[in-house]
Amino acid sequence: MAIPLIVLAAILLFDLFFTPGFFSLEIRDGRLYGSLIDVVNRAAPVMLLSVGMTLVIATGGVDLSVGAVMAIVGATSACLIAKPSGSILSGIPVGTSIPAIIAVSLGVALICGLFNGVLVSFFSFQPIVATLLLMVAGRGLAQLLTDGQIIIFTNPGFASMGSGAWFGIPIPIWLAVGMFGLMGLLSRRTNLGLFVEAVGSNPVASQLSGINARTIKLAVYAICGICAGIAGLIGTADIKAADANNAGLYLELDAILAVAIGGTSMAGGRFTLAGSLIGALLMQTLATTIFARGITPEATLVLKALIVVGVCLFQSPRFQARFQHRQAGAQG
Amino acid sequence: MKRLITRERLPILATSIVCLGLYLLSGFNFEGFFSLRVAFNFLTDNAFLGIIAVGLTFVILTGGIDLSVGAMVGLSGILVAFLVDSKHWNPIAAMAIALGCGAVLGLMHGYLIAKFELAPFLVTLAGLFLCRGLALWISKASIQIKDPLMTDMASFHVGLPGGASLSLSSILFIAVLLIAIYASRQTTFGRAVFAIGGGKQSAVLMGLRVPQTLILVYMLSGVCSALGGIVFAIYTSSGNAIGGTGMELDAIAAVVVGGTLLSGGYGSILGTFLGVLILAIIQTAITFQGTLSSWWTKIAIGTLLLIFMLMQRGIVKATERTTA
Amino acid sequence: MVALDQVDFTVQPGEVHALMGENGAGKSTLIKVMTGVYPADKGSIRLAGQEICPTSPSDATRLGISTVYQEVNLAPNLSVAENICLGREPKGWSGIRWREVRKRADQALARLSVSIDTGRALGSYSVAIQQMAAIARALDVQAKVLVLDEPTSSLDAAEVQQLFEAINRLKAEGMGIVFVTHFLDQVYAISDWMTILRNGRKVAEGATKDITRTDLVKHMIGREMSSDEAHPKAPESSALQSPPLLTAQSLNRKGAITNLDVSIGAGEVLGLAGLLGSGRSESVRLFFGCDRLDSGKLEVDGKGVHGWSSSDAIRAGFGYCPEDRKTSGIVPELSVRENIVLVLQSRRGWLRSIPRKRQADLAQRMVAQLNIATTDIEKPVQFLSGGNQQKALLARWLLTEPRLLLLDEPTRGIDVGAKQEIMNLVEDLRGKGMSFVFVSSELAEVVRTCRKVAVLRDRRMVETLTGSEITEERIMATIAEVSH
């Protein structure tokens, strides 16, 4: 966790000197504005995804479907609000109640998560394979819900989830930090964290210690689904529309990247939610900085690719062995 | 006495039955579906997907995966369009450069996966980012290809009786298919791919050159997806940096539906060809049907994928039981 | 630690040379050095008088030393014929000539008098046939020395016979064969010469006909130094009259154990004695519900149980320290504290977590009680020494106050001091009414700890010894008896 924190600090320090106004904050209409707030606000969906993804990766799995789940949830919520004619969701009597809409949408997210979880834990599919399925079909389902249209809606109450503020801080930030806090508590105050790490670190020993790995895996995929659901709601509320094709596109990669940068091993075992959060912030800060420098934002993608390879190389035992070997050679 | 139906042949048998069933079902439901023209359009409309899926089959046979193929389609397409149209290069030279890019990317993937034992899905995910980033860097807007040679290529076809015609992309697809079938069956490389999928450790102990084979496999996939990108660019007469988005999933679906086990070791190029045909039939049938929307394709593919994966699981379990 | 210390080993052409020894004796290290997996620190390998230095298994194969492992290292997804020729297929203008591949495979198998359809996938055949294919592959490269590493472990009697016929044929052709097995009958049936290793040293060598079974067993597991210190015999326990905690009636599991009949009462230590591969660990796994029974009956507290699983066993108050500490015991990345409280936590379910402070207290208490040497209870357990890992594992179970603790080789690979401590602990807890199943390759430990010993041979229970019958001599004699 220390290294990403240092990198984050270094980028911020760079911004302090070279990006004018990066640290300036101002209050307009009772809401904080400024690059820093903007960075965190934009990072909120990936932060949310990375919370769930961290737990999944800690059990030795991965969830490639979170982007598609965001699209499904976005489509669900938008359809429930806008009630387009012919939508198969019309039958759900939620009226205009925002809590009911949110509850149904997150229910859908939970079902998606459980679907992944059942395939992984009860059918013993490889996690990549199992979640790939929803990654393929998920966008199709989302388009089915929206009938292929981009559903635009006006609902100030719901839209505030994306663009509103609470005590001056944008609501997405509250949601991301809230989910992080909740999962932090859940994983450290209950045995969930211990069991997740045990299952990821040594499944056989965990089994012999009476830990039910199936239930644990089911639970983390469900949590990951819920996290993706909240991220999907934020994304939809932000643009006041559901775009089944582009909502959450490639965000599963960002989430995996955040977890990897944060220091959680891709092989499972020990995890750090705070690290993943810093990973998500680091990437957004980098993107914003690059954008502010006038460099084409596409460079961020290339940079992300290099970072993920670098991080994985450093985690790889083979690479470490080779590196140490060379050092030893230089010394001896 | 050789048995026709063995456990190893079960997946490809199932694929053939599904393929034939879908074809007959569509044919009896939609007028004109049985025409030769429609059948040959399966090839033309899906040549790029087929070429990518063939390359990917080798990767999946070793037990790996390549998620970068869709992004490579975007990169090679925009690269060719950019070099030909904006820089006025000779199309052949531009295509050579694009294929070279595919090979280099594959080499990097293979090297990281074989030498450092990094997870293939992570490495190729990074490759996906890299390709999309580079492609968007070249041009965010789609570039129309107006080069005469390229437009000639797009319209080139060999006429066949019955109103059917064989386009250049179908010819390329068939060529790639034949080469791949040969390589997978008749060369040491091809057999090593299967052996690695059966068990990497055993393959090492049997004295096979595992790292070299793995690197070659990923390079093959890179080149195939670059070629797919070129075919896609010719087919659409344009290059687009976000072209091929999600195509990795279609390609994986084609491979798996074609009976190749995602855990590696079992499968065939011919199966992948059938898998591509199944995808093509579904797509065409949905177009013919008229009222069903295009996203049903994705849902249908997803469902088919689930069924095939459950079936494979069953086969693997049954195999474990008999050898245990 | 030295895995192998100055061992000379010679195989003559046309000889079957048995390599004997228990776990950790150095057999597998010796084989790995011969076949190029590990380099030797010192010494040399000569093949037909020429010094060789294999750098990898494939290099060794090329030089003429082929190995066939217990778990067949071939590709199960490919055909038998292909497996035999893979990597050196005959080629023509159109690539691999499959007809010739088949012919060569048939020929190689014919030398072993095996006749099968070589076009079928290797994985669809029994392990015995797979092993034959592996040997055939070795023959196809003109091996001079064939190393068979526990080839018979998963074969039935008829299959073993078939393998032996093949071995005899190769022997007649002048091949040198190194044969590793745990089955005494087989050693005497097939080998001409044997070398016995123990703790990395060669303890005996000679013609098979000159070494009696008892001597062999003694060399393998007998006391290392003749110490005549009298071990205190465990005092008669009064608890023996109470109903048995666990009763096993003719337990069967294919490839694991046949007809196991034992019972364990409160405050009793049941020893399982036998050579490696005799079904000791497999029996313990059945007791803990790790594997399913094929037939037989398990009774806990006098009541028959069905579908016995690990979680049932934990609920019934059982604990289990598995043989393979690293892969199925410790959770390497977790701290000493977390490893110690793991079972206690899992018994409470995921919601009711033990407060951190209390966890630390419990862990600290166990660390003190078992004398676990660690600087800090928050240190990942993987950085502890083997003995301390074992103690942490014991602590994990002791914290749950189990009624029955299954200890599979609890003293392997740990230092003498820790061994002593663990033995004393078992003695101590037994006195307090806890029951144990104790598995150890060190007969002295079994004799000292157990009041009842079930002797296993070749996956079969052959005798139960009690009280004064339990001596090293007697156990060794029972193991060495000729089975019929």
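**Chains, domains and salt bridges: a conversation**

Trainee: What is the relative accessible area of C:E463?
Mentor: Three classes are in use here: buried is under 20% relative accessible area, exposed is over 50%, and partly exposed is in between (1.4 Å probe, protein chains only). C:E463 falls in the partly exposed class, with a relative accessible area of 25%.

Trainee: Before we go on, what kind of model is this, and how are its residues numbered?
Mentor: It is a predicted model, in which local features need pLDDT of at least 70 and side-chain atom pairs count only at pLDDT 80 or more, while totals for chains, interfaces and linings use all residues; side-chain values use heavy atoms, with hydrogens and water left out. Chains are lettered from A and ligands numbered from 1 in the order in which they are written, and residues are numbered along each chain as its sequence is written, from 1.

Trainee: Back to C:E463, then. With which residue does C:E463 form a salt bridge?
Mentor: A salt bridge here is a side-chain nitrogen of Lys or Arg within 4 Å of a carboxyl oxygen of Asp or Glu. The N to O distance in this one is 3.0 Å. The pair links distant parts of the chain, strand β20 (residues 460-466) and helix α17 (residues 472-480) of chain C, eleven residues apart; helices (H or I, at least four residues) and strands (E, at least two) are DSSP runs numbered from the N terminus. The partner of C:E463 is C:R474.

Trainee: How many salt bridges does the whole structure have over all chains?
Mentor: Side chains of opposite charge can pair when their charged atoms come close. A search over all chains gives a total of 32.

Trainee: A:D254 and A:K304 meet in one of them. How many residues apart in sequence are the parts that this pair ties together?
Mentor: The side chains of A:D254 and A:K304 come to 3.1 Å, N to O. A:D254 lies in helix α11 of chain A and A:K304 in helix α13 of chain A, so the pair ties together parts whose separation in sequence is 50 residues.

Trainee: Are A:D254 and A:K304 buried or exposed?
Mentor: A:D254 has a relative accessible area of 11%. A:K304 has a relative accessibility of 12%. Both residues count as buried.

Trainee: How far apart are the closest N and O atoms of B:R191 and C:E82?
Mentor: B:R191 is buried at 11% relative accessible area, and C:E82 is buried at 2%. In their salt bridge, the closest N and O atoms are separated by 2.4 Å.

Trainee: Which helices hold B:R191 and C:E82?
Mentor: This pair joins two chains, because B:R191 lies in a helix of chain B and C:E82 in a helix of chain C. The helices are α8 (residues 188-198) of chain B and α3 (residues 80-85) of chain C.

Trainee: What area do chain A and chain B bury between them?
Mentor: Contact means heavy atoms within 4.5 Å, and 46 residues of chain A are in contact with 37 residues of chain B. Buried area is the accessible area (1.4 Å probe) that two parts lose on being put together, summed over both. Carbon and sulfur atoms account for 80% of a total of about 3900 Å².

Trainee: Which residues of chain A lose the most area to chain B?
Mentor: Three residues stand out, together giving 15% of what that side buries. They are A:V136, A:Y250 and A:E298.

Trainee: How many salt bridges cross the interface of chain A and chain B?
Mentor: The side of chain A that touches chain B divides into 31 nonpolar, eight polar and seven charged residues. (Ala, Val, Leu, Ile, Met, Phe, Trp, Tyr, Cys and Pro count as nonpolar, Asp, Glu, Lys and Arg as charged, and the others, Gly among them, as polar.) For salt bridges across this interface, the count is zero.

Trainee: Which salt bridge has its closest N and O atoms 3.9 Å apart, with C:R198 as one partner?
Mentor: Chain C is divided into domain 1 (16-211) and domain 2 (245-480), with bounds from an automatic or database domain assignment. One salt bridge is counted between these domains. C:R198 has as its partner, at 3.9 Å, C:E442.

Trainee: How far apart are the centres of domain 1 and domain 2 of chain C?
Mentor: Eight residues of domain 1 are in contact with 13 residues of domain 2, and the area buried between them is about 910 Å². Taken over C-alpha atoms, the separation of the centres is 36 Å.
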